[in-house]
Amino acid sequence: MIYDIRHVTTYSYETPVGFARCALRLEPMTGDGQRLISHSVEIRPKPAERTARRDFFGTLTESVLIETSHRNLRIDSRSRVAVARQPPPRDAASPSWESMRDIAAEATSLGSDSPVGYIFASALVPVLRPVTDYAATSFPPGGGILSGAADLMRRIRSEFKYDPKATVISTPLKEAFEKRHGVCQDFAHVMIAGLRGLGLPAAYVSGYLRTIPPPGQPRLQGADATHAWVSVWCGSELGWIGFDPTNDLMVANDHIILAIGRDFADVSPVDGVIVGARKQKLAVAVDVLLVD
């Protein structure tokens, strides 16, 4: 499948901003079943300086410096991506979760795709005993890593309520877990925390979800915005497999990967600092269109 993606971020400020420095992570990745065909980002007002680098996780991170006084900042990202991804069935045979825990802990590589980098607590995903105990129910002794992760994903989808008003970006994981309410970011963080509490490698994935559902199926939650899900290391043969706990879906051709990290802090599409504003409003619009 080939998708055209438009991601527009607009900041409106109460008073003029004289200086802004932003970090943009808006280029979809190539790999893991997808290929970037084209990508461009238009910024208004025009930046005085734009530089780009690849971060540790392989994400293209663009640093933007704006020195023109402005009341509105508009970042218009457009991409075309080809996706061809076939996940394994939920009940497919897979190594035991205990063996994955032991192999990950003994990994010697420190590269971005090494499982050892994703088994420890991170800035937004602490390891909490109640969350670990919650996840453990899905992983009986000797159970497969694939079926266990799929069951945990299913339980989060059925036992947590999607509620955009329940949390904000800064809401602690502990609070989101206790409320059992939140959005895709919260559900991904909860699943990751549970897996890491069991010693299992789990990464945070940001990206997009196809906005037009297949015929006869309901519209998926998380469309028309950036989405988040979880990537679980399932051994050298299966590799990293995507799980979407917001919708109880194995990640296939309706998901487009933007960036991968330890938690949301590693993959935020736009962040930065400004000088001169008191209040601000943020508007984000995303369109994901299937190209005939």
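S206 sits in strand 9, which covers residues 202-209. In this predicted model, S206 has a relative accessible area of just 5%, so it falls under the 20% cut-off and counts as buried. What does S206 touch, once its neighbours within four places in sequence are set aside? The list runs to H227, W229, I256, I257, L258, A259 and V267. Four of those names, I256, I257, L258 and A259, carry consecutive numbers.

T108 tells another story. This residue belongs to a loop, the one that links helix 1 (97-105) with helix 2 (129-136). Is T108 buried or exposed? With a relative accessible area of 76%, T108 is over the 50% cut-off and therefore exposed. Take S40 as a reference point: T108 and S40 are 68 residues apart along the chain, and their C-alpha atoms are separated by 37 Å.

Then there are the cysteines. C22 has a relative accessible area of 9%, which is under 20%, so this cysteine is buried. C184 comes out at 8% relative accessibility and counts as buried because that value, too, is under 20%. How many disulfides does the structure hold? The count is 0. For reference, a disulfide is a covalent bond between the sulfur atoms of two cysteines.

Zooming out, the protein is built with 6 helices and 15 strands. Its C-alpha atoms fill a box of roughly 60 × 45 × 40 Å when the principal axes are used as the frame. The radius of gyration is 19 Å, and this agrees with a compact globule because a chain of 292 residues folded that way would have a value near 19 Å. Half-and-half is a fair way to put the burial: 50% of the 292 residues count as buried. As for how the chain meets itself, consider contacts between residues at least 6 apart in sequence; 75% of these join residues at least 24 apart.

On the outside, the accessible surface of the protein comes to about 13600 Å². Carbon and sulfur atoms account for 54% of that surface. The charges are matched in number, with 32 positive and 32 negative side chains. How far apart do the centres of the two sets lie? The separation is 7 Å.

Key
Residues are numbered from 1 along each chain as its sequence is written. This is a predicted model: local features need pLDDT of at least 70, side-chain atom pairs count only at pLDDT 80 or more; totals for chains, interfaces and linings use all residues. Side-chain values use heavy atoms; hydrogens and water are left out. Helices (H or I, at least four residues) and strands (E, at least two) are DSSP runs, numbered from the N terminus. The radius of gyration is taken over C-alpha atoms; the globule rule is 2.2 Å times the number of residues to the power 0.38. Buried means under 20% relative accessible area, exposed over 50%, partly exposed in between (1.4 Å probe, protein chains only). Contact means heavy atoms within 4.5 Å. Accessible areas come from the Shrake-Rupley method with a 1.4 Å probe; for residues, only the protein chains shown count as cover. Lys and Arg count as positive and Asp and Glu as negative; His and the chain ends are not counted. The place of a charge is taken as NZ of Lys, CZ of Arg, CG of Asp or CD of Glu. A disulfide is a pair of cysteine sulfur atoms within 2.5 Å.
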